[in-house]
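Student: Can we go through this structure together? I'd like to know where the labels come from.

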Amino acid sequence: MTTDPPPEPNSASDPADLPGRPGGARAAFRRWRRTRPFWATVWTGLGGFVIFFLPMAPLGKILQVGVGGIAGMAGGVVLMAMALLMLLLPGQRHSAGVIAVIAGVASFPLSNLGGLFVGMVLSVLGGSMAFAWLPEKPAKRRGRRLRRTGTAAEAPSAPAASLGSGSV
């Protein structure tokens, strides 16, 4: 039994990564998904969906009718818009995440207890995940490291002639 880690697949030689091959679309989607806060978008969008559509339920299943229904629809639209913003513009994930958390918490008093707590929890979870998400760092190249052979004291200094001869 060996303790060496398994070798990492070479993306250039992996036939599943090539377009037109079986699994190529899945690998391309996986690469695209890793450049965005994908799961934060899913949870925020699902929370907005619950908050948006709960006021449209039959009267016996909702807790508040009227202004709560309008606020719920508006809050749901805002949350679904923030989910799209996170997905399409990952650089704006901080502001979209904060707005999603605020809209999710605001849905509690404004919209049927935040979509019966489910929409509120999902939108707060998604917004906080978006705020905390960091892009994946590129893999380190093996064998191409810059190595310093000496310290700064051993580095060659500028020639004395280039400093000037003292005349101004």
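Student: Where is Thr-44 found?
Tutor: Thr-44 sits in helix H2. Keep in mind that this is a predicted model.

Student: What makes Thr-44 count as buried?
Tutor: Its relative accessible area is 0%. Buried means under 20%, so Thr-44 gets that label.

Student: Which residues does Thr-44 touch, not counting residues up to four places away in sequence?
Tutor: Among them are Leu-79, Met-86, Leu-122 and Gly-126. Touching here means heavy atoms within 4.5 Å.

Student: Why is H2 called roughly antiparallel to H6?
Tutor: Look at the axes of H2 (residues 38-53) and H6 (residues 118-132): they come within 7 Å and cross at roughly 155°. Angles over 145 degrees count as roughly antiparallel, so H2 and H6 fit that label. Their crossing is left-handed, by the way.

Student: How do the residues of the contact of H2 with H6 divide?
Tutor: Twelve are nonpolar, six are polar and none is charged. Gly counts as polar, and Gly-47 in H2 and Gly-119 in H6 are among the residues that meet there.

Student: Which residues make up the largest nonpolar core?
Tutor: There are nine residues in all, including Ala-40, Ile-51, Met-86 and Ala-130. H2, helix H3 (67-88) and helix H4 (93-110) each give two or more residues to this core.

Student: What is Ala-130 in contact with, leaving aside its neighbours within four places in sequence?
Tutor: Pro-37, Ala-40, Met-86, Arg-93 and Gly-97.

Notes:
Residues are numbered from 1 along each chain as its sequence is written. This is a predicted model: local features need pLDDT of at least 70, side-chain atom pairs count only at pLDDT 80 or more; totals for chains, interfaces and linings use all residues. Side-chain values use heavy atoms; hydrogens and water are left out. Axes are lines fitted to C-alpha atoms, for helices over the stretch in contact, and angles run from 0 to 180 degrees between N-to-C directions. Helices (H or I, at least four residues) and strands (E, at least two) are DSSP runs, numbered from the N terminus. Angles under 35 degrees count as roughly parallel, over 145 as roughly antiparallel, 65 to 115 as roughly perpendicular and the rest as oblique. A crossing is left-handed if the near helix is turned anticlockwise from the far one by less than a right angle, and right-handed if clockwise. A nonpolar core is a set of buried Ala, Val, Leu, Ile, Met, Phe, Trp, Tyr and Cys residues joined through side-chain atoms within 4.5 Å. Buried means under 20% relative accessible area, exposed over 50%, partly exposed in between (1.4 Å probe, protein chains only).
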